[in-house]
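Visitor: Before we look, could you take me through this model slowly, and give the reason behind each term you use?

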Amino acid sequence: MNSAEKIRQLLNAPSEPGIEYIADPESYEREVLSGYKMDVVPYRFSLLDKYCPAKMGELTCIIGHTNVGKTTVILWMLSMLAKQDKKIVVYSAENRISSLVKNVFRFVFGHTNWDKQSLMKLRDHFRFIKHERQFSYKDMLNQATYLIDAGFDFDFFFIDPYNALKIDNKNDIVTGK
């Protein structure tokens, strides 16, 4: 089963809570005692690598006040991963794609002498989802499957900001049905 099929399977799976979703203490304690290590990718920045490496297959949320540089820092982090041949999908509801590309270019290449050849190299590592409409998290996952089907099997997905996504089934939340 490829990545796109796995995502589609998750999207179509019923999401009913149950006792089976409560973690078994013996299971996670066994992982702690056995020294379980996650699949991580270093940024090649010692303190960040030591305390907060990029974790494959995990959701990471970074929060903070408006205009403090969260997006810029994350784009730097993603650029360091792209330098290690990782592929990244970016959706930003608050920034022009061209502005994001300029930052990524600066972080990857270390200068701002824009040229077509270098921009084309970025295409190997970055894809951007247009912010022409408001997406839900399910819409984002569906968009991800289209990219995978098109041959861009990415490693990281950056959604900026996560709270820009609309909530699926608002009525279910209000009514409890």
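Guide: In this predicted model, R44 sits in the loop between strand 1 (40-41) and helix 3 (46-51), and R44 has a positive phi of about 70 degrees although it is not a glycine.

Visitor: What makes R44 count as exposed?

Guide: The relative accessibility of R44 is 64%, and exposed means over 50%, so R44 counts as exposed.

Visitor: Why is the positive phi of R44 pointed out?

Guide: It is pointed out because most residues other than glycine have a negative phi. D85, in the loop between helix 4 and strand 3, also has a positive phi of about 70 degrees and is not a glycine.

Visitor: How do you know whether D85 is buried or exposed?

Guide: Buried would need a value under 20% and exposed one over 50%; D85 has 57% relative accessibility and therefore counts as exposed.

Visitor: What makes the peptide bond from D160 to P161 worth a look?

Guide: That bond is cis, with omega near -15 degrees, and P161 lies in the loop between strand 5 and helix 8 (170-175). As a general matter, most peptide bonds are trans.

Visitor: Why are helix 1 and helix 7 called roughly antiparallel?

Guide: The axes of helix 1 (residues 3-12) and helix 7 (residues 137-149) cross at roughly 160 degrees and come within 8 Å. Angles over 145 degrees count as roughly antiparallel, and therefore the two helices are described in that way. Helix 1 passes helix 7 in a left-handed crossing, and the contact involves S3, A4, I7, R8 and L11 of helix 1 together with K138, L141, N142, A144, T145, I148 and D149 of helix 7. The residues of this contact divide into 6 nonpolar, 3 polar and 3 charged.

Visitor: What makes strand 4 and strand 5 the edge strands?

Guide: The open sheet consists of 3 strands in the order 4-3-5, with parallel pairing. Strand 4 (126-129) and strand 5 (156-160) each pair on one side only, and they are the edge strands. Neighbouring strands of this sheet are turned by 20 degrees against each other on average, direction ignored.

Visitor: How do you know that strand 3 and strand 4 pair?

Guide: Pairing requires at least two bridges, and strand 3 (residues 88-92) shares 4 bridges with strand 4 in the parallel sense, so the two strands count as paired. The bridge partner of V89 in strand 4 is R127. Helix 4 (residues 70-82) lies across strand 3, strand 4 and strand 5, and runs at about 165 degrees to strand 5.

Notes
Residues are numbered from 1 along each chain as its sequence is written. This is a predicted model: local features need pLDDT of at least 70, side-chain atom pairs count only at pLDDT 80 or more; totals for chains, interfaces and linings use all residues. Side-chain values use heavy atoms; hydrogens and water are left out. Axes are lines fitted to C-alpha atoms, for helices over the stretch in contact, and angles run from 0 to 180 degrees between N-to-C directions. Contact means heavy atoms within 4.5 Å. Angles under 35 degrees count as roughly parallel, over 145 as roughly antiparallel, 65 to 115 as roughly perpendicular and the rest as oblique. A crossing is left-handed if the near helix is turned anticlockwise from the far one by less than a right angle, and right-handed if clockwise. Ala, Val, Leu, Ile, Met, Phe, Trp, Tyr, Cys and Pro count as nonpolar, Asp, Glu, Lys and Arg as charged, and the others, Gly among them, as polar. Buried means under 20% relative accessible area, exposed over 50%, partly exposed in between (1.4 Å probe, protein chains only).
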